[in-house]
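Subject: The structure we talked about

Hi there,

Here is the structure I promised to pass on. Have a look at it first, and then read my notes below.

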Amino acid sequence: MNKNFQDGINFLSKLTAKRTINSLKIFLSFYLSKILKRSFHWGMPMSLSFEPTTSCNLRCPECPSGLRSFNRPTGMADPELFKQLINELHPQLLYLLLYFQGEPFLHPHFFEMIKLAHQKKIYTATSTNAHYLNEENARKTVESGLDRLIISIDGTTQETYEAYRIGGNLEKVIQGTKNIIKWKKKLKSKTPHVIFQFLVVRPNEHQIEEVKQLAKTLGVDEVGLKTAQIYNYENGSPLIPTQQKYARYKKASGDKYIIKSKLENHCWKMWHSSVVTQDGKIVPCCFDKDADHVLGSINKNSFKEVLKSPEYNSFRNNILAYRRKIEMCKNCTEGSKVWG
């Protein structure tokens, strides 16, 4: 069976009557809001990103965790806070990404978080730099019931890899991948669906075909080619690829760069998903890396109270009115992944 098809079947197996009805509510309210240019929001999130930690072992140049440049606290999520959140959302929640910023495998209770969501029959995913996938952690990952494992691998040689993944060791990534594949076979598990995520930047764009071949050799299920977010892109950057297909930006007048996305006044993410930081703050989406737009906190209110609050509704209305003027949206693009 095709591995992507198998993963799709696994995802659809998480659908229940409540989750299906909730998804329809979200779709209807989004399209009504888009047409009428006024925020309507029915239902609860279909998708959620939860941040286990803001800590990271690497120093990637376009990442707040890597740059140690957060204005918000660095820390580990309270497992009880996570449990409270999942207990509230699981009847409607279909997809849970245990990642926002940081390296999730650094959290001491990470596997317990996955297991809890798995027990609630939520499709679970995470993203990792794979430096902590030793034998024990690889076994625990497979045993936890994790459905999708995204492994960041941004080069097929150490020199290329560390050009972006500063402080990283490519051999650890490859060995960690081998450990996961081995334990999947040992435990006769179809999950997690393993993805090599290749962040295409100028130093590594010549290795795209090589990473596909490496994935095939190792038994990785899928390769995702992702465009890179550059913070100060207007004057260009040595990270912007020469192949326009893999760049979020294009040259405008003179030597200035602009984002390729049209940034129209709507955003699907603002209706179907949300993000919770390690300290319980609720922010609108994954582009708000420094939590500049805090809409509430699960330390003070239920998630539903925040989601339906005037503050959240006001932000959705702002998206429908003048998305281009919202700072975090200026570097956003729909379809930032080119799957290959």
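Let me start with the lining of the largest cavity, which is made up of Cys267, Met270, Cys285, Phe287, Ile319, Arg323, Met328, Cys329 and Cys332. Please keep in mind that this is a predicted model. By class, that lining has eight nonpolar residues, no polar ones and one charged one. The charged residue is Arg323, because Arg counts as charged, while Cys, Met, Phe and Ile count as nonpolar. The volume of this largest cavity comes to about 50 Å³. A search of the whole structure turns up one cavity of 30 Å³ or more.

Next, a pocket. The second largest pocket holds about 440 Å³ of space. Its lining consists of 21 residues, and those closest to the pocket centre are Gln229, Tyr231, Phe287, Glu327 and Met328. Phe287 and Met328 also appear in the lining of the largest cavity. Sorted by class, the lining of the second largest pocket has eight nonpolar, six polar and seven charged residues.

Now for some helix packing, with α6 as the common partner. Helix α5 covers residues 110-119 and helix α6 covers residues 135-144; their axes lie 9 Å apart, at an angle of about 15°. That angle makes α5 roughly parallel to α6, because angles under 35 degrees count as roughly parallel. The crossing of α5 past α6 is right-handed. On the α5 side, the residues in this contact are Phe111, Ile114, Lys115 and His118, and they meet Asn137, Lys140, Thr141 and Ser144 of α6. Taken by class, this contact has two nonpolar, four polar and two charged residues.

What about α6 and helix α8, and at roughly what angle do they cross? Helix α8 spans residues 170-186, and its axis comes within 9 Å of that of α6, with a crossing at roughly 50°. This makes α6 oblique to α8. The crossing of α6 and α8 is right-handed. From α6, the contact uses Glu135, Ala138, Arg139, Thr141 and Val142, and from α8 it uses Asn179, Ile180, Lys182, Trp183 and Lys184. By class, the contact of α6 with α8 has four nonpolar, two polar and four charged residues. Thr141 of α6 is worth finding on your screen: this residue takes part in the contact with α5 and also in the contact with α8.

Happy browsing, and do write back with any questions.

Best wishes

Methods:
Residues numbered from 1 in each chain as written. Predicted model: local features only at pLDDT ≥ 70, side-chain atom pairs only at ≥ 80, totals over all residues. Heavy atoms only, no water. Axes fitted to C-alpha atoms, helices over the stretch in contact; angles between N-to-C directions. Helix = DSSP H or I, 4+ residues; strand = E, 2+ residues; numbered from the N terminus. Parallel < 35°, antiparallel > 145°, perpendicular 65-115°, else oblique. Left-handed = near helix turned anticlockwise from the far one by under 90°. Contact = heavy atoms within 4.5 Å. 1 Å grid on protein atoms, 1.4 Å probe; cavity = no way out; pocket = protein on both sides within 12 Å on 5 of 7 lines; lining within 4 Å. Points joined across faces, edges and corners; volume = space filled by probe spheres on them.
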